[in-house]
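Colleague: I would like to learn how to read a protein model, one feature at a time. Could you walk me through it?

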Number of protein chains: 2
Amino acid sequence: MADAATVRRRSRGTGGGAARRAERTAVSVETARYIERNIPDLEILNDEALSLIENGAETILHEIGVNFVNNPAALQRWRDAGADVSGERVRMPRGLARQLMATAPSRFTQAARNRERSVEIGGRSLVLAPVYGPPFVHDMNGGRRYATIEDFRNFVRLGYMSKWLHHSGGTVCEPTDIPVNKRHLDMLLAHMTLSDKPFMGSVTEPSRARDSVEMCEILFGRDFVAENTVMTSLININSPLTFDDTMMGALEVYAAANQACIVSPFIVGGAMAPVSVAGTLTQVLAEVMAGIAYSQLIRPGAPVIFGAFVTSIDMNSGAPTFGTPEAAQITYGAGQLARRLGLPYRSAGAFTGSKLPDAQAAYETSNSLNMGLLSGVNFMLHACGWLEGGLVSSFEKFVMDADQLGALHKLAQGVEVTEESMALDAVREVGPGGHYLGCAHTQAHFKTAFWRSDLLDYKPFEAWAEDGMRDTLTLANARVRKLLEQYRQPELDPAIHGALNDYVARKKDAAPDAFS
Amino acid sequence: MADAATVRRRSRGTGGGAARRAERTAVSVETARYIERNIPDLEILNDEALSLIENGAETILHEIGVNFVNNPAALQRWRDAGADVSGERVRMPRGLARQLMATAPSRFTQAARNRERSVEIGGRSLVLAPVYGPPFVHDMNGGRRYATIEDFRNFVRLGYMSKWLHHSGGTVCEPTDIPVNKRHLDMLLAHMTLSDKPFMGSVTEPSRARDSVEMCEILFGRDFVAENTVMTSLININSPLTFDDTMMGALEVYAAANQACIVSPFIVGGAMAPVSVAGTLTQVLAEVMAGIAYSQLIRPGAPVIFGAFVTSIDMNSGAPTFGTPEAAQITYGAGQLARRLGLPYRSAGAFTGSKLPDAQAAYETSNSLNMGLLSGVNFMLHACGWLEGGLVSSFEKFVMDADQLGALHKLAQGVEVTEESMALDAVREVGPGGHYLGCAHTQAHFKTAFWRSDLLDYKPFEAWAEDGMRDTLTLANARVRKLLEQYRQPELDPAIHGALNDYVARKKDAAPDAFS
């Protein structure tokens with residue numbers, strides 16, 4: 001794979017700058033605007049069912065409560081807000097969480113350094129971001145292995161080159177060759193310098209969340225960060241009903257800085273929640289309400305997302321399963337609950353339990369992507385590249401999934417029905433038994449009429465056989481290489497780039513390496 | 001593959017019959033009941049758009065008209081009904097087709113010889129039938145080759161063994177080793193004797209449709225066939241706007257015998273219909289209205305299905321493309337049009353343009369299957385086994401797709417929200433930080449809580465690696481072998497079986513072989 005990791009310093013107006021810019025723009029790095037749905041959501045629960053679940057969630061918060069672990073300040077905030085606190089358990093009067101959540105915005109803008117790539121999160125929008133979290137990577141050539149920072153950078157480059165990906169994501173893979181306490185610096189530097197799309201901050205320690213804010217202040221300017229949301233970060237809840245101090249500490253930093261958090265139960269149904277769809281939805285709602293209410297205790301108006309990472313379990317092996325009908329039912333239902341709260345919604349992704357980017361992976365992924373579009377998801381993390389239940393980031397699957405995301409864009413546009421689009425003149429021109437290939441309406445519209453994959457094979461058998469009978473994996477492997485070869489780093493003010501490098505170097509020097 | 005083609009004659013009550021029956025029932029050949037949806041349809045067109053399309057279809061029928069080719073009797077029927085007939089062109093006063101269609105039933109029962117497997121077609125039902133029409137077959141061992149009658153029989157056996165397939169289908173592949181004018185006899189004999197699920201009749205000549213009815217009279221009894229629908233057959237329209245005498249001749253036979261027909265435009269958008277979704281929908285509606293109106297001229301009340309086989313085209317190569325967003329938009333829209341007419345709806349399928357059962361095949365298929373469920377399809381032909389744009393029936397993809405159909409069943413059930421299913425007692429029992437694996441609610445429900453694939457790999461990496469790192473294709477190949485080995489022919493009265501054999505032999509002897 002192309003190694004473009006070396007940071008090339010560029011200066012505007014000096015000799016050769018124009019030529020270099022021309023070279024850079026020779027390769028298209030077009031990015032589609034985030035999706036604005038013009039089709040309805042699929043609503044599988046009726047009002048009575050939704051009310052029952054909402055009432056059940058209030059019962060959980062009131063009777064059972066949630067634990068805020070190792071976090072005396074949080075317990076004090078809850079006490080001050082009127083909750084009943086006993087030990088680390090927080091029980092809320094009915095209605096309290098809902099009342100606190102009322103200050104959370106229904107939509108917000110996350111700014112990108114390339115403002116054309118800023119995204120709206122909420123309402124009818126859908127923002128697509130890549131896989132998050134795997135310690136392993138996989139490709140056709142090298143198989144499965146621990147991820148490195150160079151893998152990480154290549155995924156950021158692929159995300160930058162992917163037309164249908166609006167967001168650079170966060171931990172696209174874990175760079176296991178960098179000390180645990182320093183890798184967030186290298187990851188952020190990669191998102192900030194190798195891409196110009198929006199990105200996520202670190203959540204693995206409150207101090208790393210503060211580092212993320214400080215690096216954003218260098219990249220965007222301190223005043224801009226004070227007034228704008230420039231990161232959307234992932235705060236997982238330790239389901240069932242547990243809010244640990246690491247994740248809550250990061251949330252506290254981000255909410256105080258007016259940066260967005262996804263407040264997201266992480267549930268394998270049957271293990272971290274009841275084995276029923278209705279029970280899981282009730283617990284998810286209670287957990288999200290507690291987390292988002294807490295974010296508004298930190299700073300009323302702080303931007304948040306109703307998150308739901310929920311999947312089913314194989315009761316034979318205990319393994320989580322993906323692309324399953326129960327996961328779909330939960331995702332559709334949670335979307336309805338989020339909309340009733342007027343909150344942006346995060347769920348779905350290119351999920352699969354398969355160990356390879358094979359047919360299983362594609363069936364499960366396609367089930368999940370379609371469900372994500374139709375369930376009203378506003379922010380889809382893991383929208384490409386996820387493999388093996390989230391243990392692996394796959395290079396080939398990244399470009400395979402990213403290509404499918406194009407189909408979601410087109411489907412979401414809906415159908416324009418007008419005299420022009422009904423094309424009765426074309427039907428008159430062609431008549432019974434004719435064909436439309438050459439008619440005026442076809443000539444005027446064929447270039448834009450149909451979405452076209454940049455990856456899949458549409459050739460007839462004979463041409464495909466002559467080309468070497470390549471399967472999707474082989475085609476994807478070639479596309480990964482091509483995109484990385486074509487990649488050119490987007491321009492960044494060298495003074496800012498230098499300041500970011502200095503910040504990372506200073507932070508790394510200030511502490512010994514830690515690998516656990 | 002197992003060769004179970006030899007017809008074994010069985011008699012009840014003779015020595016060994018009980019033992020053979022016990023052996024046969026030892027292998028489960030459970031078939032799920034057809035799907036009855038408890039979730040809504042996705043409606044992407046508003047009332048105004050639907051009215052525009054309906055008005056446009058009336059304009060096509062009135063101004064442009066349709067051709068009934070080589071069919072003077074049909075032209076006379078149209079004249080008698082009040083249409084304007086000029087040459088072979090039939091133009092209808094606005095409202096005539098709609099008025100004639102009013103006698104078509106909104107749902108009907110197709111009886112199977114095993115009455116437990118009879119299906120309801122219409123309303124909220126979804127009946128799943130296998131691939132139809134390919135001249136080639138493909139498997140992992142032998143690659144791509146012309147289909148034979150033994151391939152055909154093996155697909156019928158696989159369909160019989162597939163829990164989620166409600167229908168045995170029709171031309172699951174073309175048995176190219178049998179003369180063209182005789183293969184319908186062997187195909188029908190296979191469906192009738194190797195399976196006990198409902199099936200389709202021949203449509204390639206009116207005389208073959210009559211043979212199909214006569215064979216059904218042997219299988220079901222003449223009186224039963226006179227009073228019940230026992231076949232659902234596929235009548236394609238030669239889009240644009242052309243009804244040929246072969247297909248219409250078959251429709252005339254079936255409608256007169258009160259047997260069901262799918263009246264189905266066959267459209268590659270941009271070639272056989274305008275290059276826009278709205279234009280294609282308008283033409284589809286006009287064609288279906290003309291065809292169904294004609295069926296009711298033959299026999300008012302004859303059961304029919306609003307069919308739509310519509311896909312997009314790759315304007316670079318001219319190849320049809322599958323699993324695309326435009327095909328989805330047309331399928332969703334045509335479903336709305338069918339429901340407004342109160343007619344059963346046929347569309348979707350396990351569509352793909354891929355030459356292999358690889359990731360492309362699975363992405364495209366999964367897109368199509370999900371769309372089929374959510375667009376309100378009542379009869380889904382091609383629900384498993386389709387490959388290479390319909391040129392190939394794939395053994396492995398047959399079982400891969402058939403497995404995915406299980407997920408559709410579960411998703412269609414919807415979500416039960418009750419005090420019991422919300423499981424607050426389980427949340428109380430487990431509390432913050434616990435797990436649900438051992439709790440009472442989980443123990444009571446885990447066996448039925450989650451749909452489970454019979455094919456896909458859910459194992460962790462290490463166990464999967466030890467098992468030989470098998471991909472989906474390899475797993476499917478093993479499943480095909482296993483199902484064919486486990487297959488046992490369902491019982492059939494030997495007198496009936498003998499009469500069917502005699503009928504086929506007599507018909508074959510009565511004409512010379514024809515291979516084109």
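Modeller: Gladly! Let's begin with a term: a salt bridge is a side-chain nitrogen of Lys or Arg within 4 Å of a carboxyl oxygen of Asp or Glu. Keep in mind that this is a predicted model. One case to look at is the pair A:Lys397 and A:Asp401, whose side chains meet in a salt bridge at 2.9 Å, N to O.

Colleague: Where do A:Lys397 and A:Asp401 sit in relation to each other in helix α13 of chain A?

Modeller: The general idea comes first: an α-helix has 3.6 residues a turn, so residues three or four places apart point the same way. Here, A:Lys397 and A:Asp401 are four residues apart in helix α13 (residues 395–412) of chain A, so about one helical turn separates them.

Colleague: Are A:Lys397 and A:Asp401 buried or exposed?

Modeller: Both of them are buried. For that word, the cut-off is under 20% relative accessible area.

Colleague: Which parts of chain A does the salt bridge between A:Lys507 and A:Asp211 tie together?

Modeller: In general, side chains of opposite charge can pair when their charged atoms come close. For A:Lys507 and A:Asp211, the closest N and O atoms are 3.0 Å apart. A:Lys507 belongs to helix α19 (residues 494–509) of chain A and A:Asp211 to helix α7 (residues 206–220) of chain A, so this pair ties together parts that are 296 residues apart in sequence. A:Lys507 is partly exposed, at 28% relative accessible area, whereas A:Asp211 is buried at 7%.

Colleague: Could you show me another pair like that?

Modeller: Try A:Arg145 and A:Asp139, which form a salt bridge at 3.6 Å, N to O. A:Arg145 is partly exposed, with 30% relative accessibility, and A:Asp139 is buried, with 5%.

Colleague: How many salt bridges does a search of the whole structure find?

Modeller: Over all chains, the search finds 60 salt bridges. Between chain A and chain B the count is eight. For one that crosses, look at A:Glu326 and B:Lys410, with the closest N and O atoms 2.5 Å apart. You can also find a network of salt bridges that links A:Lys355 with B:Asp457, B:Lys459, B:Asp467 and B:Arg470.

Colleague: How do I read the rest of that interface?

Modeller: Ask which residues take part, and how much area is buried. Chain A gives 108 residues to the contact and chain B gives 108 residues. The area buried between chain A and chain B is about 9100 Å², with carbon and sulfur atoms giving 69% of it. Across the interface, 44 residue pairs are in polar contact. On the side of chain A that touches chain B, the largest share, ten residues, comes from helix α12 (residues 359–374) of chain A. By class, that side of chain A has 54 nonpolar, 33 polar and 21 charged residues.

Colleague: How many of the residues of helix α6 in chain B are buried?

Modeller: Twelve of the twelve residues of α6(B) are buried, so the helix is largely enclosed by the rest of the structure. Among them are B:Leu185, B:Met187 and B:Leu188, and also B:Arg183 and B:Asp186. The buried residues pack against α5 (149–161), α7 (206–220) and α19 (494–509) of chain B. As for length, α6 (residues 183–194) of chain B reaches 16 Å from its first C-alpha to its last, close to the 16 Å expected at 1.5 Å a residue.

Colleague: What should I look for in the backbone?

Modeller: Look for exceptions to a general rule: most residues other than glycine have a negative phi, and most peptide bonds are trans. A cis peptide bond joins A:Ser239 and A:Pro240, with omega at about 5°. A:Pro240 is in the loop between β10 (232–237) and β11 (242–243) of chain A. In chain B, a cis peptide bond joins B:Ser239 and B:Pro240, with omega at about 0°.

Colleague: And what about phi?

Modeller: A:Glu388 has a positive phi of about 50° although it is not a glycine. A:Glu388 lies in the loop between β18 (386–387) and β19 (392–394) of chain A, and it is buried, at 6% relative accessible area. B:Asn70 also has a positive phi, near 55°. B:Asn70 sits in the loop between β2 (66–68) and α3 (72–81) of chain B and counts as exposed, at 53% relative accessibility.

Note on methods:
Residues are numbered from 1 along each chain as its sequence is written. Chains are lettered from A and ligands numbered from 1 in the order in which they are written. This is a predicted model: local features need pLDDT of at least 70, side-chain atom pairs count only at pLDDT 80 or more; totals for chains, interfaces and linings use all residues. Side-chain values use heavy atoms; hydrogens and water are left out. Helices (H or I, at least four residues) and strands (E, at least two) are DSSP runs, numbered from the N terminus. The expected span of a helix is 1.5 Å times one less than its number of residues. Buried means under 20% relative accessible area, exposed over 50%, partly exposed in between (1.4 Å probe, protein chains only). Contact means heavy atoms within 4.5 Å. Buried area is the accessible area (1.4 Å probe) that two parts lose on being put together, summed over both. A polar contact is a pair of N or O atoms within 3.5 Å; within protein, one must be able to donate a hydrogen and the other to accept it, and residues adjacent in sequence count only if both atoms are side-chain atoms. Ala, Val, Leu, Ile, Met, Phe, Trp, Tyr, Cys and Pro count as nonpolar, Asp, Glu, Lys and Arg as charged, and the others, Gly among them, as polar.
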